[in-house]
Amino acid sequence: MKIPDIITFGQEIKKRRRELGLTQSDLSDNTGLSASFLSNLENGKETIEMGKALRVAQMLGMDLFLETRG
């Protein structure tokens with residue numbers, strides 16, 4: 001999946017969380033991250049920390065890849 005921007009990334013995180021039947025509170029408990037951070041992430045707030053965002057994606061079983069242009 002190509003993630004062109006932070007808004008799309010957040011939308012995909014939210015979609016996956018809901019597919020798994022998790023609330024933001026559930027995900028907060030499982031990752032140790034605050035519910036407000038998760039809300040900011042899902043809403044595409046640009047001040048999120050990428051390391052934490054990747055931890056959430058990994059927790060949700062999402063595979064991310066970097067596509068390079070040659």
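Helices (H or I, at least four residues) and strands (E, at least two) are DSSP runs, numbered from the N terminus. With that in hand, here are some exercises to work through beside the structure.

This is a predicted model, in which local features need pLDDT of at least 70, side-chain atom pairs count only at pLDDT 80 or more, and totals for chains, interfaces and linings use all residues. Residues are numbered from 1 along each chain as its sequence is written, and side-chain values use heavy atoms, with hydrogens and water left out.

**Exercise 1. Find out which elements have the lowest and the highest mean pLDDT.**

Solution. Start with the term: pLDDT is the predictor's confidence in each residue, from 0 to 100. Next, take the whole protein: its mean pLDDT is 87, and 91% of its residues reach 70 or more. Then go element by element: helix 2 (residues 24-31) has the highest mean, 95, and helix 4 the lowest, 86.

**Exercise 2. Describe how helix 3 packs on helix 4.**

Solution. Two packed helices are described by the angle between their axes and the distance between the axes. Axes are lines fitted to C-alpha atoms, for helices over the stretch in contact, and angles run from 0 to 180 degrees between N-to-C directions.

Step one is the geometry: the axes of helix 3 (residues 35-42) and helix 4 (residues 50-59) cross at roughly 90° and come within 11 Å.

Step two is the name for that angle. Under 35 degrees counts as roughly parallel, over 145 as roughly antiparallel, 65 to 115 as roughly perpendicular and the rest as oblique. Helix 3 and helix 4 are therefore roughly perpendicular to each other.

Step three is the residues. With contact meaning heavy atoms within 4.5 Å, F37, L38 and L41 of helix 3 meet K52, A53 and V56 of helix 4. Sorted by class, this contact has five nonpolar residues, no polar ones and one charged. Here Ala, Val, Leu, Ile, Met, Phe, Trp, Tyr, Cys and Pro count as nonpolar, Asp, Glu, Lys and Arg as charged, and the others, Gly among them, as polar.

**Exercise 3. Do the same for helix 2 and helix 4, then place T31 in the picture.**

Solution. The axes of helix 2 and helix 4 come within 11 Å, crossing at roughly 105°. This pair is therefore roughly perpendicular as well. On the helix 2 side the residues are L27, N30 and T31, and they meet R55, V56 and M59 in helix 4. The classes here are three nonpolar, two polar and one charged.

Now zoom in on T31, which sits in helix 2. Is T31 buried or exposed? T31 is buried, because its relative accessible area is 13% and buried means under 20%, exposed over 50%, partly exposed in between (1.4 Å probe, protein chains only). Not counting residues up to four places away in sequence, T31 touches R55 and M59. Back within helix 2, the T31 side chain reaches the backbone oxygen of L27 at 2.8 Å.

**Exercise 4. Trace what I6 and K45 touch.**

Solution. Begin with I6, found in helix 1 (residues 6-19). Beyond residues up to four places away in sequence, I6 touches G44, K45, E46 and I48. The C-alpha atoms of I6 and E42 are separated by 8.9 Å, though their positions lie 36 residues apart along the chain as counted by numbering.

Move on to K45, in the loop between helix 3 and helix 4. K45 is partly exposed, with a relative accessible area of 40%. Leaving aside neighbours within four places in sequence, K45 is in contact with I6 and N40.

**Exercise 5. Locate I3 and list its contacts.**

Solution. I3 lies in the segment before helix 1. Its relative accessible area is 28%, so I3 is partly exposed. Setting aside neighbours within four places in sequence, I3 is in contact with T8, F9 and E12.

How values were computed: A polar contact is a pair of N or O atoms within 3.5 Å; within protein, one must be able to donate a hydrogen and the other to accept it, and residues adjacent in sequence count only if both atoms are side-chain atoms.
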